[in-house]
Amino acid sequence: MLGFVARRLLYLVPVLVAVSLLTFLIASLLPGDLAYVILGDQATPEKVEALRHDMGLDQPIWWRYVSWLGHVLQGDFGRSFRTGQTVLQAVAERLPVSLELMFLAEIIGLAIGVPIAIACAVRSGSTFDRFMTGSAFGMLSVPTFLSAILLIYLFAVELRWLPATGYVPFGEDPVANLRFLVLPALTLALAEWPGIMRVLRSDMIATLQEDYIALAKAKGLKASRILFVHALKPSSLTLITITGINIGRLIGGALIVETIFALPGIGRLLVGAIYTRDLIILQGVVLLVAAGFVLMNFIVDLLYAVLDPRIRHGHA
């Protein structure tokens, strides 16, 4: 197992280097001059040139990348020229909001998708199966912003059960915190459960046709034990992959959802950095998010190895 983990960690190094390079290039090659943005109305040729020299913008791009990467490896991701706040401080303030939102969304998505997938697999080909499969296809075509607007109209405007926008920290009032996060999390979950349901349904149908399932039935084991103990575990490998990949989708959805519901999370921080052309914040946050996504895939690989020993021994 230690050898498997060491190999996976070794694979992460070139991936993280590539992520850092792409992040730096995307932010650095955007049109416009950062020195002009920072100086604003006070921009003069002399001041612009002096600021460009102080920030290293007059250096070759490869040297700027090496210098920036060196600071990143030391934990210095830069400082916002608008607020004076460091990237790590800005992320530390907003990350708990986004993590809680994504966690709730994933839990709701699994709570909807897994039971439906199991029911569809047991009744494969039935009217219920066809209806839920068609519904999943339909939900995949609904954009996140439309789901958000519809949920706000139904539960906040018409029924007045939940607040439309705002946020209360969990430490201040746990109940109010969950009330403000229900609609955003449900918005993201409505986009996640169809993929979870379709993948698990297909794997469950294939697993239920295996010989060991027939043997378990012949031994007289309870149907619930066969379904949840003998069929669900081997069918969950692909589900774990989908759950890990969904983190990237959830981050993308958070950009829209946090803006619509006025949540002070990472997504809203990124949108604000784009609008104000705060490239230091943009560059640092994108790198941290991308690195987090890479590490999440690494954790998924480890879970694969735990569930299926053949993977860590190289036999699958």
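**Exercise 1.** Work out whether Asp129 counts as buried or exposed in this predicted model.

*Solution.* Start with the cut-off: buried means under 20% relative accessible area. Asp129 comes in at 2% relative accessibility, so Asp129 counts as buried.

**Exercise 2.** Find which side chain meets Asp129 in a salt bridge, and say which parts the pair ties together.

*Solution.* Step one: the partner is Arg201, with an N to O distance of 2.7 Å. Step two: place the two residues. Asp129 sits in helix H6 (residues 127-140) and Arg201 in helix H8 (residues 174-207), so their pairing ties together parts that are 72 residues apart in sequence. Step three: check Arg201 against the cut-off too. Its relative accessibility is 18%, so Arg201 counts as buried.

**Exercise 3.** Say how many salt bridges a search of the whole structure finds, then describe the one that Glu93 makes.

*Solution.* The search turns up 2 salt bridges. In one of them, the side chain of Glu93 meets that of Arg94 at 3.5 Å, N to O. Now look at Arg94: with 22% relative accessibility, Arg94 counts as partly exposed.

**Exercise 4.** Describe the second largest pocket: its volume, its lining and the kinds of residue there.

*Solution.* First, the volume is about 540 Å³. Next, count the lining: 24 residues, with Leu95, Leu99, Met102, Ile247 and Ile251 nearest the centre of the pocket. Helices H5, H10, H11 and H12 each give two or more residues to this lining, and H5 has the largest share, 9 residues. Finally, sort the lining by kind: 20 nonpolar, 3 polar and 1 charged.

Terms used
Residues numbered from 1 in each chain as written. Predicted model: local features only at pLDDT ≥ 70, side-chain atom pairs only at ≥ 80, totals over all residues. Heavy atoms only, no water. 1 Å grid on protein atoms, 1.4 Å probe; cavity = no way out; pocket = protein on both sides within 12 Å on 5 of 7 lines; lining within 4 Å. Points joined across faces, edges and corners; volume = space filled by probe spheres on them. Helix = DSSP H or I, 4+ residues; strand = E, 2+ residues; numbered from the N terminus. Nonpolar A, V, L, I, M, F, W, Y, C, P; charged D, E, K, R; others polar. Salt bridge = Lys/Arg side-chain N within 4 Å of Asp/Glu carboxyl O. Buried < 20%, exposed > 50% of the residue type's maximum accessible area, 1.4 Å probe, protein only.
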